[in-house]
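Dear colleague,

Please find the structure below, handed over for your use. My findings follow it.

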Amino acid sequence: MKFLEELGIKAVNPGISTGTKWMQGSGDVASFSPVDGLLIGRVGMAGKHEYEEVMQTATRAFEQWRTVPAPRRGEVVRQIGAALRAKKQALGSLVSYEMGKSLQEGLGEVQEMIDICDFAVGLSRQLYGLSMHSERPSHRMYEQWHPLGIVGIISAFNFPVAVWSWNAMLAMVCGNVCVWKPSEKTPLSAIACQHIVAEVLERNGVPEGVLCLINGGHETGELLAADHRVPLVSATGSTRMGKAVAVTVAARLGRCLLELGGNNAIIISRDADLDMALVGSLFGAVGTAGQRCTTTRRLIIHESVYESFKAKLVKAYGQLRIGNPLDESNHVGPLIDQAAVDSYLGAINACKAQGGRFIVEGGVLSGPGYESECYVQPCIAEVEQDYPIVHTETFAPILYLMKYSTLEEAIAIQNNVPQGLSSAIMTLNLREAELFLSAAGSDCGIANVNIGTSGAEIGGAFGGEKETGGGRESGSDAWKNYMRRQTNTINYGTQLPLAQGIKFDV
Ligand code: NAD
């Protein structure tokens, strides 16, 4: 495939890099495409030796990188954005082929990387601190923000490249160095990114160790979490993983930025524009085959429009085309692997056992075009809100429908799950919209009106509450996560008055 060649991907690839230099690694992992089940390539995995080499190189690099003026660090990030623009088509195609999302979504993911580069370049001149008035005469107080050191980035398979850039581009302009442990399910997309940035690092004489890649399984993630040389671990993935990382990092009083599972709902009011609600619900539920952290998993529908909306939804599901995601006429691609298919089937069985009624049946597709055995039928079940399965994130296209009569009840249903990532209300009623956005409304990190739960812009801070982990990445002031705040007081007078009027005469 041409895009593999363009991105420097070979049949066997070294999996560890300190920037421009590569190490093969011990053992290897094979990356199969869920699109057609074919082997794309093999990747070397980090052993203890390579891990140590990367950490020592990154530690040395930080000593230099933290002294480079932030706007000059921004200039390097600007060039990374330009390099990504030049490779957008190839990288988007690989993301789509290795992960299984549609080509448009693969390209969209690379666009997000370019956008966060632009954002980070501007940010490199805006790492502002506040200045305060001192209570003491001839004193000045202000705060400044300094880099932390090594930022460990652990990422999930479903956004194999964008999540890294959200973290790394901000961390880099802030003066940190990064060690990225990508998902073992999408190692080649990560290697392609490293090839793209390596050219820029080399051209600018950036020290080896500023942007490192370390392919490995969960054990490598565990090493990062436990490593006292890593002041911040930014981890994206399942709540199960986040709970393990949080405990390990907390035990050494390090910092975590956690972006974990979601269980996102749309409330469809009797005052909704039902055509818009249909588009938002459909894309939210079946886009990326239900493998987005912001996928719509629950629809909470007002009783007066429940039957008519249900009929529209069932009709729309009947028109979905499921198949090769690189073919733009298809709406839904495959799940990532067999384990994901098993978890989808397990959730359908659990839903039925708990009383769920399927109005669009699920199942695994077979036959020509479905050879990878990872293609499944998006399905819809009518449920009660207290079924345990409805409180669980199943990373697959299963949509649960529930009925409500008052908005307070709908908000309570929406909030009554352990996760707190994304939420939405479809309504043209101002009172309803404002209640939903108020302190008595949605408890999620993201709350939308008249758009779905899925997809977010890089300008806002992205993340969620409760079991979603509480982290915020990307826009707004999320950059502060990657820096340490220092409060400075300067006395330019001839006396040494103490604060709070304390006298200490000698
Ligand atoms: P996963 O938890 O299986 O793996 C994610 C990453 O964590 C991988 O790199 C893996 O190797 C590593 N890992 C696993 N166990 C670890 C441990 N004990 N210590 C350190 N690292 C460990 O998740 P996945 O299947 O790749 O991704 C799907 C999940 O990610 C879903 O729950 C989804 O909602 C979530 N997700 C969340 C966001 C968000 O921003 N909130 C974004 C994307 C995905």
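**Findings in the predicted model**

In strand E17, Ile398 stands opposite Cys379. That pair belongs to a run of strands that I describe next, with the caution that the model is predicted.

Strand E16, residues 379-382, has a neighbour in E17, residues 398-404; the two are parallel and share 4 bridges. E16 also pairs with strand E15, residues 357-360, here in the antiparallel sense and over 3 bridges. Within that second pairing, Phe358 has Ala381 of E16 as its bridge partner.

**The protein as a whole**

The secondary structure comprises 14 helices and 24 strands. The radius of gyration is 24 Å, close to the 23 Å that the globule rule gives for 506 residues, so the protein is as compact as a globular protein of that length. Measured out along the principal axes, the C-alpha trace spans about 80 × 60 × 40 Å.

Of the 506 residues, 53% count as buried. Contacts between residues at least 6 apart in sequence were also examined: 74% of them join residues at least 24 apart.

The UniProt record, an unreviewed entry, lists residues 23-487 as "domain: Aldehyde dehydrogenase". In the model this span is 39% helix and 21% strand, and the C-alpha atoms at its two ends lie 41 Å apart.

**The surroundings of the ligand**

The ligand is surrounded by 29 residues, of which the closest are Ala156, Gly221, Gly237, Glu259 and Cys293. By class, this shell holds 12 nonpolar, 12 polar and 5 charged residues. Two helices, H8 (218-226) and H9 (239-251), each supply at least two residues of the shell. The most comes from H8, with 4 residues.

**Glu259**

One of the closest residues to the ligand, Glu259, deserves a separate paragraph. The unreviewed UniProt entry places the feature "active site" at Glu259. This residue lies in strand E12, residues 255-259. Is Glu259 buried or exposed? Glu259 has 30 C-beta neighbours inside 10 Å, and therefore counts as buried, the cut-off for a buried residue being 20 or more. Leaving aside neighbours within four places in sequence, Glu259 is in contact with Thr236, Gly463, Gly469, Gly471 and Glu473.

**Two residues with positive phi**

Leu253 is not a glycine, although its phi is positive, at about 55°. Leu253 is placed in the loop between H9 and E12. Because Leu253 has 8 C-beta neighbours inside 10 Å, it counts as exposed; the cut-off for that class is 12 or fewer.

Asn450, likewise a residue other than glycine, has a positive phi near 60°. The loop that holds Asn450 runs between strand E20 (446-449) and strand E21 (461-462). With 15 C-beta neighbours inside 10 Å, Asn450 counts as partly exposed, since its count falls between the cut-offs for the exposed and buried classes.

**Strand E20 and its partner**

Strand E20 shows an alternation of side chains. Ile446 and Asn448 point to one face and are buried, whereas Ala447 and Val449 point to the other and are not. E20 pairs in the parallel sense with strand E19, residues 422-426, over 4 bridges. One position in this pairing is Ser423, whose bridge partner in E20 is Ala447.

**A sheet of three strands**

An open sheet is formed by 3 strands in the order E1-E5-E4, with mixed pairing. Its edge strands are E1 (12-13) and E4 (26-32), each of which pairs on one side only. E4 and strand E5, residues 39-45, run antiparallel and are joined by 6 bridges. In that pairing, Arg42 of E5 is the bridge partner of Ala30.

**Points to look at**

When you open the model, you may wish to begin with the surroundings of Glu259, where the unreviewed UniProt entry places the "active site". The loop that holds Leu253, between H9 and E12, could follow.

With kind regards

Methods: Residues numbered from 1 in each chain as written. Predicted model: local features only at pLDDT ≥ 70, side-chain atom pairs only at ≥ 80, totals over all residues. UniProt positions renumbered as here; feature names shortened; annotations may be inferred. Pairing = 2+ DSSP bridges. Rg over C-alpha atoms; globule rule 2.2 N^0.38 Å. Contact = placed C-beta atoms within 7 Å. Near = placed C-beta within 6 Å. Nonpolar A, V, L, I, M, F, W, Y, C, P; charged D, E, K, R; others polar.
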